[in-house]
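Visitor: I should like to learn how to read the features of a protein model. Could you take me through them one at a time?

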Amino acid sequence: MTTVVQEKPRAFPIPAGVFAETVTAVTHYTDRLFRFRMTRPPSFRFRSGEFVMIGLPNAEKPVYRAYSITSPSWDDELEFFSIKVPGGPLTEHLKEIRPGDTVLMRRKPTGTLVNDALLPGERVYMFSTGTGIAPFASLVRDPETYEKFGTVILTHTCREAAELAFGMELVDMVRSDPLVGEFARDRLVHYPTVTREEFARTGRITEHIGSGRLFDELGLPPIDPESDRGMICGSMAMLKDTRKLLEGFGLAEGSNSSPDTYVVERAFVD
Ligand code: A2P
């Protein structure tokens with residue numbers, strides 16, 4: 001989707017060596033969460049699941065924060081999913097952006113939540129809480145994910161049901177997507193849960209893994225290093241607890257240089 005948006009005048013010069021891109025769309029989901037899209041520099045390449053440093057041209061020395069790119073690597077725009085941190089040096093201003101505004105982006109994407117850091121497998125579990133769904137939004141839209149893994153299980157846990165909206169929209173979109181819809185309709189499984197209000201499925205994902213409820217509901221055997229892979233993205237506490245559970249099943253942490261059976265990255269702006 002390409003939208004032509006008029007650029008607005010800028011108060012500060014663009015720092016050398018960064019991309020200055022134009023916001024094309026902003027969606028606010030709750031008073032804590034929003035999504036924005038912006039133009040993509042023609043020379044910018046990334047792997048689905050990677051993150052970049054994002055800032056605003058509102059100071060001589062802009063503040064940058066890491067943001068996972070939620071759009072797939074083939075999209076002609078870039079999309080991000082953000083929390084609004086009260087008093088946060090970047091998000092306090094970023095939450096006010098509108099189409100036509102400028103967003104700065106450092107040139108080099110990086111990250112470990114990439115298909116390259118995992119060995120192929122029958123199933124990949126993508127465990128996310130809050131904005132930790134961001135890198136997976138890119139990966140579930142990438143055909144390579146369905147080439148490498150038979151079934152893709154995306155779990156998303158939030159405090160409130162309204163915070164699941166980005167993920168719900170994403171999964172609907174992926175299932176009707178011309179490029180990956182055919183795979184996703186049969187092989188993408190969405191497992192949302194809520195922890196602080198009533199919902200069809202409640203409780204932390206760690207409880208669902210620990211009790212075996214996750215596997216019972218999906219009709220799958222417990223995680224096995226022979227067939228299953230894991231990707232984890234959430235708060236530090238969530239990473240620690242989920243990592244421990246995966247290691248209990250015998251999974252071992254991989255990296256770009258040494259792919260293995262699970263990978264981890266914290267959801268950055270929190
Ligand atoms: P809870 O409501 O029980 O704290 P946050 O917005 O704080 O990052 O939380 C996002 C979601 O992650 C919440 O549903 C929260 O549950 C859950 N969560 C927080 N800590 C952990 C943890 N250590 N393990 C699993 N889930 C967690």
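Guide: The dialogue below takes up the sheets, a helix residue and the enclosed spaces in turn. This is a predicted model, in which local features need pLDDT of at least 70 and side-chain atom pairs count only at pLDDT 80 or more, while totals for chains, interfaces and linings use all residues. Residues are numbered from 1 along each chain as its sequence is written, and side-chain values use heavy atoms, with hydrogens and water left out.

Visitor: In what order do the five strands of the open sheet lie?

Guide: Helices (H or I, at least four residues) and strands (E, at least two) are DSSP runs, numbered from the N terminus, and two strands pair if DSSP finds at least two bridges between them. Here the order is β9-β8-β7-β10-β11, with parallel pairing. At the edges are β9 (188-194) and β11 (262-266), each of which pairs on one side only. From one strand to the next, the twist averages 10 degrees.

Visitor: How many bridges join β8 to β9?

Guide: Seven bridges link strand β8 (residues 149-158) with β9. C158 stands opposite V194 in β9.

Visitor: Which strands does helix α4 lie across?

Guide: Axes are lines fitted to C-alpha atoms, for helices over the stretch in contact (heavy atoms within 4.5 Å), and angles run from 0 to 180 degrees between N-to-C directions. Helix α4 (residues 165-175) lies across β8 and β9, and runs at about 170 degrees to β9. Helix α8 (residues 236-248) also packs on the sheet, where it touches β7 (121-129), β10 (228-234) and β11. The direction of α8 makes about 165 degrees with that of β10.

Visitor: Is strand β3 mostly covered or mostly uncovered?

Guide: A residue is buried under 20% relative accessible area, exposed over 50% and partly exposed in between (1.4 Å probe, protein chains only). Strand β3 (residues 51-55) is mostly covered, with four of its five residues buried. It pairs in the antiparallel sense with β4 (residues 65-68) over four bridges, and F51 has S68 as its bridge partner in β4. Two bridges join β3 to the antiparallel strand β6 (residues 102-106), where M105 is the bridge partner of I54.

Visitor: Why is T145 classed as buried?

Guide: T145 is classed as buried because its relative accessible area is 0%. This residue belongs to helix α3 (residues 143-148). Leaving aside neighbours within four places in sequence, T145 is in contact with N115, M126, L139 and V152.

Visitor: How is empty space found, and what lines the largest pocket?

Guide: Rolling a probe the size of a water molecule over the atoms shows where empty space is left. On a 1 Å grid over the protein atoms alone, a cavity is a set of points where a 1.4 Å probe fits but cannot get out; a pocket is an open set with protein on both sides within 12 Å along at least five of seven lines, and lining residues have an atom within 4 Å of a point. The largest pocket holds about 630 Å³ of space. Its lining has 23 residues, of which T129, G130, T157, R159 and S235 lie nearest its centre. The largest share, three residues, comes from α8.

Visitor: Which residues line the second largest cavity?

Guide: That lining consists of Y29, R35, E79, R141, F166, E169, L170 and M173. Helix α4 gives the largest share, four residues. The volume of this cavity is about 30 Å³, a volume being the space filled by probe spheres set on grid points joined across faces, edges and corners.
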